[in-house]
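Colleague: Please give me a close account of the enclosed space in this model and of its surroundings. I should like the cut-off of each term stated where the term is used.

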Amino acid sequence: GAPRKASGKQLLERLGSATQLDDRREALDAFKELSASEPLRLIDKGGIGLLVSLAHDQDTQLARDALETLVNLCDVGVPADEDKPGSSRVAGEHNTAVLLSNPPHLPTALAAVEEADFYIRFHGVTLLQRLLANAPDRTHAALLGAPAAVGRVLSLLDDGREVVR
């Protein structure tokens, strides 16, 4: 038969315990694909918190993939599931609430936008857009509670690349 796909929990456990960069990249890439195809609801410990910490990893590929995964998880339209209408919205709103419930998460995730890498900045901006769309008041409060995050958002306005602004 066909090989069984790993569950989100298994991939996150592998991601959290992997010591080799290639193993971490593979686990995160598989989880990113899963997050784009299934409405996943994560908890903070070992889920959202792990992805936020990877969003500013020294390895550019890990940081990109972590941010893109967070975008998928907080997007109320991903995946577009005709079988279970509303499940993507519930999952996206849940993950947004989990991310914003831990005050250091937003400034930590936005720290990535200080990197010069286009895709890291792009996914950082997209994450901020998703959070603002899902929970504008909570996102504003989280930003205002972290002065460094405000500076990071303002620095994006100086970026000459139109798609980032």
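Modeller: The account below begins with the enclosed space and then moves outward to its surroundings.

The model is predicted, so local features are given only at pLDDT of at least 70 and side-chain atom pairs count only at pLDDT 80 or more, while totals for chains, interfaces and linings use all residues. Residues are numbered from 1 along each chain as its sequence is written, and side-chain values use heavy atoms, with hydrogens and water left out.

Rolling a probe the size of a water molecule over the atoms shows where empty space is left. Here the search runs on a 1 Å grid over the protein atoms alone: a cavity is a set of points where a 1.4 Å probe fits but cannot get out, whereas a pocket is an open set with protein on both sides within 12 Å along at least five of seven lines, and lining residues have an atom within 4 Å of a point. Grid points are joined across faces, edges and corners, and a volume is the space filled by probe spheres set on the points.

The structure holds 1 cavity of 30 Å³ or more, and the volume of the largest cavity is about 40 Å³. Its lining consists of Ser-35, Glu-38, Pro-39, Leu-40, Asn-72, Leu-73, Asp-75, Val-78, Ser-88, Ala-91, Gly-92 and Asn-95. Sorted by class, these are 5 nonpolar, 5 polar and 2 charged residues; Ala, Val, Leu, Ile, Met, Phe, Trp, Tyr, Cys and Pro count as nonpolar, Asp, Glu, Lys and Arg as charged, and the others, Gly among them, as polar. Helix 4 (60-74) and helix 5 each contribute at least two residues to this lining, and helix 5 gives the largest share, 4 residues. Helices (H or I, at least four residues) and strands (E, at least two) are DSSP runs, numbered from the N terminus.

Several members of this lining deserve a separate word. Ser-88 belongs to helix 5 and is buried, with a relative accessible area of 6%. Buried means under 20% relative accessible area, exposed over 50%, and partly exposed in between (1.4 Å probe, protein chains only). From Ser-88 to Leu-73, 15 residues away along the chain, the C-alpha distance is 8.9 Å, and both residues are part of the cavity lining. Val-78, another lining residue, is joined to Pro-79 by a cis peptide bond with omega about -10 degrees. Most residues other than glycine have a negative phi, and most peptide bonds are trans. Pro-79 sits in the loop between helix 4 and helix 5.

Helix 5 (residues 87-101) also packs against helix 3, at an angle of about 75 degrees and with the axes 10 Å apart. Axes are lines fitted to C-alpha atoms, for helices over the stretch in contact, and angles run from 0 to 180 degrees between N-to-C directions. Angles under 35 degrees count as roughly parallel, over 145 as roughly antiparallel, 65 to 115 as roughly perpendicular and the rest as oblique; helix 3 and helix 5 are therefore roughly perpendicular to each other. At their junction, Asp-44, Ile-48 and Val-52 of helix 3 meet Asn-95, Val-98 and Leu-99 of helix 5, where contact means heavy atoms within 4.5 Å. This contact comprises 4 nonpolar, 1 polar and 1 charged residues. Asn-95 thus appears in the cavity lining as well as in the contact with helix 3.

Helix 4, which also helps to line the cavity, carries two further buried residues. Asp-65 lies in helix 4 and counts as buried at 5% relative accessibility. Apart from neighbours within four places in sequence, Asp-65 is in contact with Leu-28, Asp-29 and Lys-32. Ala-63, likewise in helix 4, is buried with a relative accessible area of 2%. With neighbours within four places in sequence again left aside, Ala-63 contacts Leu-54, Ala-55, Asp-57 and Ile-120.

The open space completes the picture. The largest pocket has a volume of about 170 Å³ and is lined by Gly-8, Lys-9, Leu-12, Glu-13, Leu-40, Arg-41, Leu-42, Ile-43, Lys-45 and Gly-46. Helix 1 (8-17) and helix 3 (44-54) each supply at least two of these residues, with the largest share, 4 residues, coming from helix 1. The pocket lining has 4 nonpolar, 2 polar and 4 charged residues. Leu-40 is listed both for the pocket and for the cavity.
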